[in-house]
Amino acid sequence: LVAGGDTAATRDVLIQQKISVASRAVEGHCGGRRFYLDAEATPRVVNPRKRSRRDRDGDHLLVDDIGSTDGLVVEVGSDGNWVDITSSVELEPTDAAARGRPYTSILRSTSWLLEPRVRVTAKWGWPTVPEAVQEATLLQTLRLLKRKDSPEGVLGSAEWGVVRVSRVDPDVAELLAPFVLDGFG
């Protein structure tokens, strides 16, 4: 457990630790999504050959979750030779902000594959933490706090006997299902 006995301060530290671990587990379960919003816009460089697809609307560059357009800059190029194309692209889904969801792709009429790299500066993450994610994190936190009572993943009771605890709580998995990123190849 935590050194220092069973004081309120020690319990608070333990609870904060479990909340942090549960939060990272929820993010991992959802394919690495972060449900908090960065305070500042930061740049990320994307290889368009690995993350673009074409349809009748144009070329879509799949990006990590963009939670805010504040400070958004989209540039193409490489090695310090960047050209700003922000005014010629569109974030998608177009209704993301109205739905409280992040933008997940950048639409362009010409091919992303013509560019060596794309640098996107944005506030990464989600605009707000969805209620279902908050609930799943709370459930996972409570599960981790009770883990000390289930050595080897087994719980026991005189009334119902021994039960193996599954790796992922079914309620947590159900709450997070709409937020799990699909892979593409």
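**Exercise 1. Overall composition**

What percentage of the 185 residues of the chain count as buried? Describe also the order of the secondary structure elements.

*Solution.* The model is a predicted one. Of the chain's 185 residues, 36% count as buried. The accessible surface amounts to about 11,200 Å², and carbon and sulfur atoms account for 52% of that area. Turning to secondary structure, the chain contains 5 helices and 9 strands. Their order along the sequence is α-β-α-β-β-β-β-α-β-β-α-β-β-α. Finally, consider contacts between residues at least 6 apart in sequence: 70% of these join residues at least 24 apart.

**Exercise 2. The largest nonpolar core**

Identify the residues that touch the most other members of the largest nonpolar core, and the strands that supply this core.

*Solution.* The core has 18 residues, and those touching the most other members are Ile66, Val74, Ile106, Trp112 and Val120. Strands E3 (58-78), E6 (103-108) and E7 (117-124) each supply at least two of the core residues. E3 gives the most, with 6 residues. A second core, of 9 residues, lies apart from this one and includes Val26, Cys30, Ala136 and Val172. As a general background, nonpolar side chains in soluble globular proteins tend to be buried together.

Next, take Ile106 and leave aside residues up to four places away in sequence. Among its contacts are Val74, Trp112 and Val120, together with Asp59, His60 and Glu90.

**Exercise 3. Two loop residues**

Are Ser87 and Ala39 buried or exposed? Locate each in the chain and give a spatial separation for each.

*Solution.* Ser87 belongs to the loop between strand E4 (81-84) and strand E5 (90-92). Its relative accessibility is 79%, so Ser87 counts as exposed, the cut-off being over 50%. Ser87 and Val74 are 13 residues apart in sequence, and their C-alpha atoms are 8.5 Å apart.

Ala39 occupies the loop between helix H1 (8-29) and strand E1 (42-46). Because its relative accessibility is 62%, Ala39 also counts as exposed. Ala39 and Trp124 are separated by 85 residues in sequence and by 8.8 Å from C-alpha to C-alpha.

**Exercise 4. A glutamine in helix H4**

Classify Gln140 by accessibility and state which residues it touches.

*Solution.* Gln140 is part of helix H4, which covers residues 131-146. The relative accessible area of Gln140 is 12%; the cut-off is under 20%, and Gln140 is therefore buried. With residues up to four places away in sequence left out, Gln140 touches Ala22 and Val172. Val172 is itself among the members of the 9-residue core.

Notes
Residues are numbered from 1 along each chain as its sequence is written. This is a predicted model: local features need pLDDT of at least 70, side-chain atom pairs count only at pLDDT 80 or more; totals for chains, interfaces and linings use all residues. Side-chain values use heavy atoms; hydrogens and water are left out. Helices (H or I, at least four residues) and strands (E, at least two) are DSSP runs, numbered from the N terminus. Buried means under 20% relative accessible area, exposed over 50%, partly exposed in between (1.4 Å probe, protein chains only). A nonpolar core is a set of buried Ala, Val, Leu, Ile, Met, Phe, Trp, Tyr and Cys residues joined through side-chain atoms within 4.5 Å. Contact means heavy atoms within 4.5 Å. Accessible areas come from the Shrake-Rupley method with a 1.4 Å probe; for residues, only the protein chains shown count as cover.
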